[in-house]
Amino acid sequence: MKPPKKPRLDRRDLLWIIPSMVTGGFFGWLAWRTYVIHFTKAGVQEPAWRAGPRLQVAALEELRSVWGFKYFDYLYAESPLKAVLIRLPQPVLGGLTVGERHFLALSRICTHQGCTVNFVDNPELGAIAYNYRTDHPFLGCPCHFGAYEPLQAGRAVYGPPRFPLPRLRLEEEGGVLYATGLEVPFRPLER
Ligand code: FES
């Protein structure tokens with residue numbers, strides 16, 4: 001008489017199959033996340049502007065030193081857009097140069113899921129909090145620790161965001177900086 005056929009898998013096999021699947025899934029997720037964080041960031045181009053209201057942002061003298069910054073609200077399409085004006089050490093695409101001084105204005109709405117990004121003026125603390133190491137201030141999102149680089153005109157450089165922060169058009173008149181429009185297209189959030 002033939003011995004009964006052993007099933008291909010029995011319950012004891014689950015003891016190694018399930019942990020293997022969980023471990024494999026975890027490392028797959030880790031690899032995918034590393035790929036997204038490092039290799040899927042969109043570049044920054046010369047902006048196309050959509051005209052908006054003319055808003056006085058700051059007198060030139062308010063940002064006396066490089067890496068000075070000022071938060072402001074830009075009234076666009078009847079809802080205020082949180083934004084930041086930064087004085088930079090060099091010109092960038094979409095920024096404004098007045099004499100020897102270089103400025104950039106960016107939306108503070110994170111392009112990942114819409115949290116408000118902050119100006120991180122201490123790069124050492126920023127490296128601990130955001131895991132993004134640089135020798136100058138940057139913009140960081142507290143929700144999922146995305147980082148944006150002002151010297152690359154607001155490009156996303158670390159974390160889940162893939163798209164740059166939209167820029168605001170700046171103009172200078174009589175020693176005063178004005179925001180006069182917004183970069184288009186305004187990218188949808190990556191929900
Ligand atoms: S909402 Fe900013 S990193 Fe997710």
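User: Which hand does the disulfide of C115 and C143 have, left or right?

Analyst: A disulfide is a pair of cysteine sulfur atoms within 2.5 Å. Here the torsion about the S-S bond of C115 and C143 is about -90 degrees, so the disulfide is left-handed. The S to S distance in this pair is 1.9 Å, and a search of the whole structure finds 1 disulfide. A word on the source: this is a predicted model, where local features need pLDDT of at least 70, side-chain atom pairs count only at pLDDT 80 or more, and totals for chains, interfaces and linings use all residues. Residues are numbered from 1 along each chain as its sequence is written, and side-chain values use heavy atoms, with hydrogens and water left out.

User: Where in the chain do C115 and C143 sit?

Analyst: Strands (E, at least two residues) are DSSP runs, numbered from the N terminus. C115 is in the loop between β5 and β6 (118-120), while C143 is in the loop between β7 (138-140) and β8 (147-149), so the pair links distant parts of the chain, 28 residues apart.

User: Is C143 buried, exposed or in between, and what about C110 and C141?

Analyst: Buried means under 20% relative accessible area, exposed over 50%, and partly exposed in between (1.4 Å probe, protein chains only). By that scale C143 is partly exposed at 36%, whereas C110 is buried at 2% and C141 is buried at 3%.

User: How many aromatic pairs are there?

Analyst: Rings of Phe, Tyr and Trp (its six-membered ring) pair if their centres lie within 6.5 Å; planes under 30 degrees apart count as stacked, over 60 as edge-to-face and the rest as tilted. The structure holds 7 such pairs. One of them is F69 with Y71: centres 5.3 Å apart and planes at 65 degrees, so this pair is edge-to-face. F69 is partly exposed, at 33%, and Y71 is partly exposed, at 33%. Y130 and F138 also pair edge-to-face, with centres 5.7 Å apart and planes at 90 degrees. Y130 is buried at 9% and F138 is buried at 0%. Ring pairs link Y130, Y132, F138 and F145 into a cluster.

User: Which residue lies over the face of Y71?

Analyst: A charge sits over a ring if NZ of Lys or CZ of Arg is within 6 Å of the ring centre and within 35 degrees of the ring normal. R108 lies over the face of Y71, at 3.6 Å from the ring centre. R54 lies over the face of Y178, at 4.1 Å from the ring centre.

Notes
Helix = DSSP H or I, 4+ residues; strand = E, 2+ residues; numbered from the N terminus.
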